[in-house]
Amino acid sequence: MQFDVIVVGASFAGASAAMQLARARRKVLMVDAGQPRNRFAAASHGFLGQDGVAPHLIMATAIEQLLAYPGFELVVAHAERAEALADGVSVTLEDGRTLTASRLILATGVRDELPDIPGLQERWGRTAVHCPYCHGFELRDRKLGVIATTPLSAHQGIMLPDWGPTTYFTQGKFEPEEHEIKLMEKRGVRIERTPVVEVLGTAPEIDAVRLADARIVALGALFVGPRVHMSSPLAMQLGCAFEQGPMGPYIQTDAMRQTSVPHVFAAGDAAAAFHNATIAAASGVMAGVSAHRSLVMA
């Protein structure tokens with residue numbers, strides 16, 4: 001069956017894109033494997049009207065609403081391959097089916113790579129997190145730590161004291177700049193240059209961290225900026241251009257969410273340097289509207 005648009009990814013960006021197209025009375029197929037990046041988080045915070053609601057519940061409601069539109073279809077499967085065609089795109093699923101559409105929206109998200117520190121992974125999304133605006137209020141007044149992973153980690157260390165007393169762990173690799181050290185001193189941030197080698201406590205709680213010199217530092221939560229990788233190979237297969245962000249590569253798009261490949265749009269974390277649920281949803285809206293506009297104007 002020929003679709004107007006195939007959307008790969010059913011989280012905030014993909015569902016927002018599909019909603020615009022379904023309401024425009026287009027034939028839309030959403031393909032999703034059911035492994036969103038936010039599956040480790042118990043609740044979504046800072047998302048207008050949905051503060052404190054579990055991400056999977058938000059998306060279940062979104063899918064229920066999308067299924068009410070006659071032009072919308074959902075397939076739960078991995079999209080294994082994508083190919084650019086003269087007049088559109090094709091997407092091949094894990095079961096071998098190949099589907100075609102005039103337009104493709106990649107809302108495939110990213111995969112987080114955490115530092116190789118014992119005890120960190122099992123706390124990810126609960127007491128080991130990446131965004132103070134998403135999780136800081138719930139972790140307020142605890143002793144907070146920043147495990148540096150990029151030069152931007154120093155900025156996080158400067159911001160965090162608004163939520164709790166903060167220790168910045170350079171990990172021996174990410175020494176703050178002189179002006180950042182002055183801001184940290186002003187904000188009461190402690191700088192620790194001996195690396196964290198283990199997270200202690202009964203997961204998902206954190207009691208402390210162990211340092212490489214065997215010292216124990218009491219903490220209640222950790223903020224970590226993960227390295228990110230594409231969750232899907234589709235953008236690479238299509239030949240989409242990429243930008244290099246502070247945490248990893250992301251799909252290059254213009255202001256209308258058009259990629260470097262004709263007929264292919266991208267939205268959400270896979271196409272952004274910085275990640276937030278509201279920003280992802282907004283970029284999905286733009287991708288959906290732009291894909292529809294491109295169909296009309298063709």
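Here are three short exercises, with solutions, on a predicted model.

**Exercise 1.** Work out how the reach of helix α1 relates to its expected span, and what covers its buried residues.

*Solution.* Start with the limits: α1 runs over residues 12–23, which makes 12 residues. From first C-alpha to last, α1 reaches 17 Å, close to the 16 Å expected at 1.5 Å a residue. Next, look at burial: 10 of the 12 residues are buried, so "buried" here being under 20% relative accessible area, α1 is mostly covered. Among the buried ones are Phe12, Met19 and Leu21. Then check what sits over them: the cover includes strands β1, β2, β3 and β6, along with helices α2 and α7. Finally, step past the end of the helix, and you'll meet Arg25, with a positive phi near 70 degrees.

**Exercise 2.** Decide whether Gln156 is buried or exposed, and find its contacts.

*Solution.* First, place the residue: Gln156 is part of helix α4, residues 153–159. Its relative accessibility is 14%, and because the cut-off for buried is under 20%, Gln156 counts as buried. Now skip its neighbours within four places in sequence: Gln156 still touches His130, Pro132, Val146, Phe223 and Val224.

**Exercise 3.** Lay out the sheet that contains β12, β13 and β14.

*Solution.* Begin with the order: the three strands make an open sheet, β12-β13-β14, with antiparallel pairing. The edges are β12 (196–200) and β14 (216–218), each paired on one side only. From one strand to the next, the twist averages 25 degrees. Zoom in on β12 and β13 (residues 208–211), and you'll find four bridges joining them. As one example, Val199 has Val209 in β13 as its bridge partner.

Methods: Residues are numbered from 1 along each chain as its sequence is written. This is a predicted model: local features need pLDDT of at least 70, side-chain atom pairs count only at pLDDT 80 or more; totals for chains, interfaces and linings use all residues. Side-chain values use heavy atoms; hydrogens and water are left out. Helices (H or I, at least four residues) and strands (E, at least two) are DSSP runs, numbered from the N terminus. The expected span of a helix is 1.5 Å times one less than its number of residues. Buried means under 20% relative accessible area, exposed over 50%, partly exposed in between (1.4 Å probe, protein chains only). Contact means heavy atoms within 4.5 Å. Two strands pair if DSSP finds at least two bridges between them. Axes are lines fitted to C-alpha atoms, for helices over the stretch in contact, and angles run from 0 to 180 degrees between N-to-C directions.
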